[in-house]
Amino acid sequence: MATTKNVIIFYSSDESKWTAVVTRDSRADGHFVYAVKTTGVYAHPSAPFRLPKRENVVFFNTSEEAECAGYRLHRRTGCDKKYLNSRHLKLVLNACRIIESSDQQPKLEALAEQVGLSTTHFHRIFKKHTGLTPKKYASAIRSKKLRNKLRNKDTKITNDIYESGFSSSSRFYENAQKCLGMSANNFKKGGNGAHILFSIGECSIGSILVAKSEKRSLHYLHWR
């Protein structure tokens with residue numbers, strides 16, 4: 001499935017996939033690959049090669065599936081793993097920005113539709129590039145928003161909780177130690193006396209800060 005100007009294109013059937021191959025539809029790249037039984041190679045839908053006979057073509061959701069079935073990447077195709085990795089990374093970054101700008105935690109299905117991928121495919125590549133599921137990433141962003149709001153000593157903690165996207169104060173307090181590594185009241189006071197260990201690393205979407213307080217809570221943040 002792909003999205004262009006709010007028009008959703010489905011590649012759920014072999015017929016629609018074959019049409020994408022015949023028309024060399026670049027919007028289908030990354031959604032599936034096609035393999036040719038007689039040559040033992042696979043390529044992306046928009047690959048500018050001579051069309052094989054339809055009866056010799058099989059489809060796979062990913063290049064990994066095609067390779068597990070014994071096919072190899074066409075040596076002249078532009079859709080190598082680097083190309084797909086770059087394309088997927090752009091989609092994941094787009095999804096991250098959607099999550100970051102949302103007042104409430106977006107549903108997985110809605111996120112996948114907005115970036116033009118199936119739910120399972122989107123979930124898989126998101127976790128591959130971020131190390132987190134979309135839900136856990138959204139929770140981390142929500143916690144980050146709360147920490148930023150709690151730094152304002154002139155606001156009430158309850159208001160900070162709701163404005164950060166938590167559906168209820170009780171929902172927050174159930175996970176307060178995990179979210180902040182300390183009580184909300186102590187955090188708002190600047191965490192006086194708290195001991196925090198931290199380390200910084202790099203990943204495909206930017207820098208990662210991992211911090212641990214005496215409460216043994218871990219926090220993952222990234223910035224660009």
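Ile196 sits in the loop that runs between α10 (184-188) and β7 (197-203), where helices (H or I, at least four residues) and strands (E, at least two) are DSSP runs numbered from the N terminus. The model is a predicted one, in which local features need pLDDT of at least 70, side-chain atom pairs count only at pLDDT 80 or more, and totals for chains, interfaces and linings use all residues. Residues are numbered from 1 along each chain as its sequence is written, and side-chain values use heavy atoms, with hydrogens and water left out.

Ile196 counts as partly exposed because its relative accessibility is 47%; buried means under 20% relative accessible area, exposed over 50%, and partly exposed in between (1.4 Å probe, protein chains only). Together with Phe198 and Ile200, Ile196 makes a nonpolar surface patch of about 330 Å². Such patches are made of residues with over 30% relative accessible area and no salt bridge, with like charges joined within 9 Å and nonpolar side chains (Val, Leu, Ile, Met, Phe, Trp, Tyr) within 5 Å. A salt bridge here is a side-chain nitrogen of Lys or Arg within 4 Å of a carboxyl oxygen of Asp or Glu, and accessible areas come from the Shrake-Rupley method with a 1.4 Å probe, only the protein chains shown counting as cover for residues. Phe198 belongs to strand β7 and, at 59% relative accessibility, counts as exposed. The C-alpha atoms of Phe198 and Ala211 are 4.1 Å apart in space, with the two positions 13 residues apart in sequence numbering.

Attention now turns to the interior. A search of the whole structure gives one cavity of 30 Å³ or more, and the largest cavity holds about 90 Å³ of space. On a 1 Å grid over the protein atoms alone, a cavity is a set of points where a 1.4 Å probe fits but cannot get out, and lining residues have an atom within 4 Å of a point. Grid points are joined across faces, edges and corners, and a volume is the space filled by probe spheres set on the points. Among the residues that line the largest cavity are Ile99, Asp103, Pro106, Ile141, Arg142 and Gly165. Helix α6 (residues 134-150) supplies the largest share of this lining, four residues. One residue of helix α6 is Ile141, which is buried, with a relative accessible area of 10%. Ile141 and Gly165 are 24 residues apart in sequence, and their C-alpha atoms are 9.7 Å apart.

Two further helices offer a contrast in exposure. Ile125, in helix α5 (residues 119-130), counts as buried at 5% relative accessibility. A C-alpha separation of 7.5 Å relates Ile125 to Val92, 33 residues away along the chain. Lys90, in helix α3 (residues 81-101), counts as exposed at 60% relative accessibility. Between the C-alpha atoms of Lys90 and Val115 the distance is 9.5 Å, for a sequence separation of 25 residues.

Finally, the backbone deserves a look at Arg24, in the loop between α1 (14-22) and β3 (33-36). Phi of Arg24 is near 50°, a positive value in a residue other than glycine. Most residues other than glycine have a negative phi. Arg24 is partly exposed, with a relative accessible area of 36%.

Key
On a 1 Å grid over the protein atoms alone, a cavity is a set of points where a 1.4 Å probe fits but cannot get out, and a pocket is an open set with protein on both sides within 12 Å along at least five of seven lines; lining residues have an atom within 4 Å of a point.
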